[in-house]
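Student: I would like to go through this structure with you, asking at each step what justifies the words we use.

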Amino acid sequence: MGKISRRDFLKTVGGAGLVASTIPSSFLIDLYALTPTRKLSQVEAWFYKKLPDKEIKCELCPRYCQLGDRERGYCGARENRNGIYYTLVYGKVCAAHIDPIEKKPFFHFLPGTTAFSIATAGCNVNCKFCQNWQISQVRPEQVENFDLPPRDVVRYCLKYRCPTIAYTYTEPVIFYEYMYDTSVKASKKGIRNVVVTGAHINPEPMKKLTEVVDAIKIDLKAFSEEFYKEYVRGELKPVLDAIKIVKESGKWLEIVYLVIPTLNDSPEEIRKMSKWIIKEVGPDVPVHFSRFHPMYLIKNLPPTPVSTLERARNIALEEGINYVYIGNVPGHKGESTYCPSCKNVVIKRFAYQILKNNLRKGKCKFCGQPIPGIWS
Amino acid sequence: MNFLFPFLLGFTALSFQIFLMREFVAHYYGNEITYGLILAFWLLWGGIGSLIANKIKYSFSTFTLFYYSLIFFFPFSLIFLRYSRFIYKILPGEITGILPILITSLFLTLLICFPLGALFVLNVKFFKGKIALVYLMEALGSSIGGVLTYFLLIPFFSNWNSSLIIIGFVTICLFLLEKGKRKIYAVLLIPFILFLIFLDKPTQKHYWKPFNFIESKDTLYGKLSIIKTEEQLSLYDNGLLVYSYPDIINAEEAVHFALIQRPNAKSLLLIGGGIGGAIAQALKYKNLKIEYVELDPQIIKFSMKYLPEKEKKYLKGKRVKIYFRDGRAFLNNVKKKYDVIILNLPEPSTAQINRFYTYEFFKLVKQKLSKQGVFSFKVSSSENYINLPLQKLLSSLYFTLKKVFKNVEVVPGDTNIFIGSDAPVTLDYMELGKRIEKLQLNNMWVNSYTLFSRLMEERINSLYEKIKSKEAKINLDLVPISYFYNSILWATHFKGLESKILTFFSEIPKFWLLDFPLILFLIILFIIILLKRVRFYSYLLPVWLMGFTTISLELIIIIAFQVNFGYVYQKIALLFSAFMFGLFCGALLGKKIKKIISLNLIFIQFCFMVLTFIAWKFIEIKWAEIFPYIFLFLMGFLGGLLFVVANELFLKKEKNYGIGYALDLFGSFLGALTLSTILIPLIGLPLLTKYIFLANSFCFLFLIPFFRTQH
């Protein structure tokens, strides 16, 4: 092996962070070639209370972890050091990819564009069906991270010509400070920020977050506390509260409901949820019923039958929700957006691709009905 | 008539073991570690049972009580198995960590094996110390139990009904053996057994809740279950999802990535996984003739009962030929060449399946491919981040495939599809999209609408950076490293210690796995020689080693056999039977020897040394098919002989009936625990047999001084 590998070459040229901070964005090395770092961050966390005896209480999420010195929160990404609570994952990215925005999924947000998607390790819940368990169910030191301070995120985003940054894959709530700072920096450059979250978060931080990001997709994992307790190890109520907060803030909101056969697919549950959505956030919030594909611990469960998803979609439509989608069933008619007034196809989709866009300045081209969303 | 007692012991032990194992892997995730653990605990409790039974005061009623407890506990353990998931709050089909497997198997084997171990000693007491007779009859019982189970019960009855037949048989025997009024106990068991007949289906239905369980069928190879969710049908094989129907995404993923590389391919060989939509997808290529090899005919026959007409028509179509054979054996014998070969089997989680992911297998595939031919297989992966164990697994597969094919590409995503060929292959989504359009495949998932994001340059590069950047170990037939990586990956699903333990073993130098235990063994031998007073115990040392050696070589020979001749149920069953019949013959000869002297033992140990030497020298050679049968028979023969001879020598000095049997089982326990889980994948068969030979040679040398102290 005479040749040196690409990675070795980059190492000799200099650390990735150095390259990123001194050279304009077009000269940034490719994402996948970044050199991993062993160091975690030590940036003081937000939303915590100091208690006597160097104890702290985290108030970011409904778990309210109360921790002694040198203890970590449930998420594994925050640590009490000498009575000060730190985030260990500020700028420590473990996954960064470019995805179609439809994959997040956002259907009423810059259709046909890409999102620069990043995540750090850790999560504040523990879903048995997690798609990203290799990074969400571990501590940050158990994965390969690389340095990507907010400034570099913006640069990479520009380099790859993504109009949006998505905070996704794991639970962005656990890298709140990093997400917040990056959003502020990105907004200044005209980049949009979207959050893909389970919204297991307290009201105050949620409110603050809505001030700096443009859209939030919330995973409503079921509409029962039992399901949340058993399969998510979290609570439903804070999620519902968070949904209301996002709506009140006026920021764009979409809801995803991953339908797992027999666990959260009962018509009663779907109807109850639809009624709640209509009552609390109105009929214009898009709702996606996504097909469960066997993952992680329940890898051997059957995938969701398409008819179950169709039934759920029909219930939600019956209840008056205007934009109801079926996810992960490529080619299904439930992937497209229909005008609630004239019933024509406004945006025709196939999987992650936009086949036809009949929107004119945010309105249906056939009848002029405004379709809510962020379209440009 | 009394000889039936020890006969029943061997008979039930073997048949119960087979059925418990079959049921266990149908309910818990069955990888090599699971198999290793159950077998190990089985042997461990047997050993402990026989040690403790030595202290039990013998009476005829306690003696028979143990038989009754067996009859009661065995069906109980099967039922318990089906309900145990509720204790751990896991769903059917949920992947379980080592802890639930450990606790459940410890408990179940305790219920059955403790009485089994105790019964050996009680039998010896019943026969007033005639250990050779008991061992002989036990060996006969297990030989007959094995043959009966493998050839008469499993092929024709479900696990449940087979177990009841065995229990019924034991009950009848007990009725005959019991004295006078006590016969009533056996009669009382009849309603209990009749009641059990009706419990099979309801307990399975409970197990599958909240899913709608329709029917199950025990085949030669595993338990098939059909589950229905709405209009969707799902087939499970030993708790693993084989397919859901309809499930377009999986069906398309299975074949298109390989076929689209050669849009004009004329012939496809599909190894496994054709049912559930894959064949229908492949038939979209108009000129393609499909040969589909499936190991278990029941997968298709059983599915046919439930699949809609449309799907059945595809399978019966003119362009499709189905063969029921082991995929590897099929490839070995087939004369023609194919344009595309697709392997669509479960992941390499056991040594049995690992054979399809090795360098030798890939080479065989290449021989059966046309010049432009393409080979592909899939492994489930992780789209956004690849952790270290997954990286190791994927790397080992990548480099193994790359060693055989000039061009290898891997499709990123939650499933990685490996494509190898000596001619060019491409992952250019524009090109692939064009081909898909031109052929009018009308795919829902594998089409340009998804490929543009899945095959984005950045995605491909980040996958390649992970799997190509570091050299990895090649997966070989005799050093099946990939299944070990698969075990570590499984272990990382849980936040417990298991992944740390496995990673630890994968990183320590071979010295600690091989030389260190051998040196330790040597030191123990020396200590025994130095402590002259306990010398008579040393007669039993070869028994312990024999337990270890026989189970180890049994595992090794079975793996090597499957590599060479494929997995053929009857042959594997016959291999086990050959060993057990050997045990019986060995014990018979041992019983015939009039005056047993230590020279006998030394000679047998010498034979063991020679036999292990042969194993070492022959393991890498492709032998005639008859060889492993003869080998296992001889090993059984020597094992049985050694057990009888060593125990007779020992019992002359001390009347402790349990210890010899216990040591045999403890040796086997150690072998079962360490070999399949750690040593085979990490060390490989050739080196391992060498060290087994060395251990046996040391034992032989250790025995030589006894020749001089002849009585």
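**Reading the two chains**

Tutor: Leaving aside residues up to four places away in sequence, R355(B) touches R328(B), F361(B), D477(B), Q562(B) and V563(B), where two residues count as in contact if their C-beta atoms, placed from the backbone, lie within 7 Å. Keep in mind that this is a predicted model, in which local features need pLDDT of at least 70 and side-chain atom pairs count only at pLDDT 80 or more, while totals for chains, interfaces and linings use all residues. Residues are numbered from 1 along each chain as its sequence is written, and chains are lettered from A and ligands numbered from 1 in the order in which they are written.

Student: Why is R355(B) called buried?

Tutor: A residue is buried if 20 or more other C-beta atoms, placed from the backbone, lie within 10 Å of its own, exposed if 12 or fewer, and partly exposed in between. R355(B) has 25 other C-beta atoms within 10 Å, and therefore it counts as buried. Its place is in the loop between helix 14 and helix 15 (359–367) of chain B, where helices (H or I, at least four residues) and strands (E, at least two) are DSSP runs numbered from the N terminus.

Student: What makes K89(B) exposed or buried, and how is T262(A) classed?

Tutor: K89(B) has 9 C-beta neighbours inside 10 Å, so it counts as exposed. T262(A) has 17 other C-beta atoms within 10 Å and is therefore partly exposed. K89(B) is in the loop between helix 3 (60–87) and helix 4 (98–126) of chain B, and T262(A) is in the loop between strand 14 (252–259) and helix 9 (267–281) of chain A.

Student: What is noted about phi in K89(B) and in T262(A)?

Tutor: Phi is near 55° in K89(B), a positive value in a residue other than glycine, and near 65° in T262(A), again positive in a residue other than glycine. As background, most residues other than glycine have a negative phi, and most peptide bonds are trans.

Student: Which peptide bond leading to P210(B) is cis, and which one leading to P246(B)?

Tutor: The bond from K209(B) to P210(B) is cis, with omega near 5°, and the bond from Y245(B) to P246(B) is cis, with omega near 0°. P210(B) is found in the loop between helix 8 (200–208) and strand 1 of chain B, whereas P246(B) lies in the loop between strand 4 and helix 9 (248–259) of chain B.

Student: How do you know that strand 1 and strand 2 of chain B pair?

Tutor: Two strands pair if DSSP finds at least two bridges between them. Here 6 bridges join strand 1 of chain B to strand 2 (residues 223–229) of chain B, so the two qualify as a pair, and they run antiparallel. Within this pairing, N212(B) stands opposite K228(B) in strand 2 of chain B.

Student: What kind of sheet do the strands of chain B form, and what makes a strand an edge strand there?

Tutor: In chain B, 4 strands form an open sheet in the order 1-2-3-4, with antiparallel pairing. Strand 1 (212–218) and strand 4 (240–245) of chain B are the edge strands, each pairing on one side only.

Student: What joins strand 18 to strand 19 of chain A?

Tutor: Strand 18 (residues 345–350) and strand 19 (residues 353–357) of chain A run antiparallel and are joined by 4 bridges. The two strands form a hairpin with 2 residues between them, and A351(A) in the turn has a positive phi of about 50°. R349(A) stands opposite I354(A) in strand 19 of chain A.

Student: Why can we say that the buried residues of helix 6 of chain A line one face?

Tutor: In helix 6 (residues 203–210) of chain A, M206(A), L209(A) and T210(A) are buried. Seen down the helix axis, the buried residues fall within an arc of 95°, so they line one face of helix 6 of chain A; the arc is that of the directions from the helix axis to the C-beta atoms. These buried residues pack against helix 5 (176–188), strand 12 (192–197) and helix 8 (237–249) of chain A.
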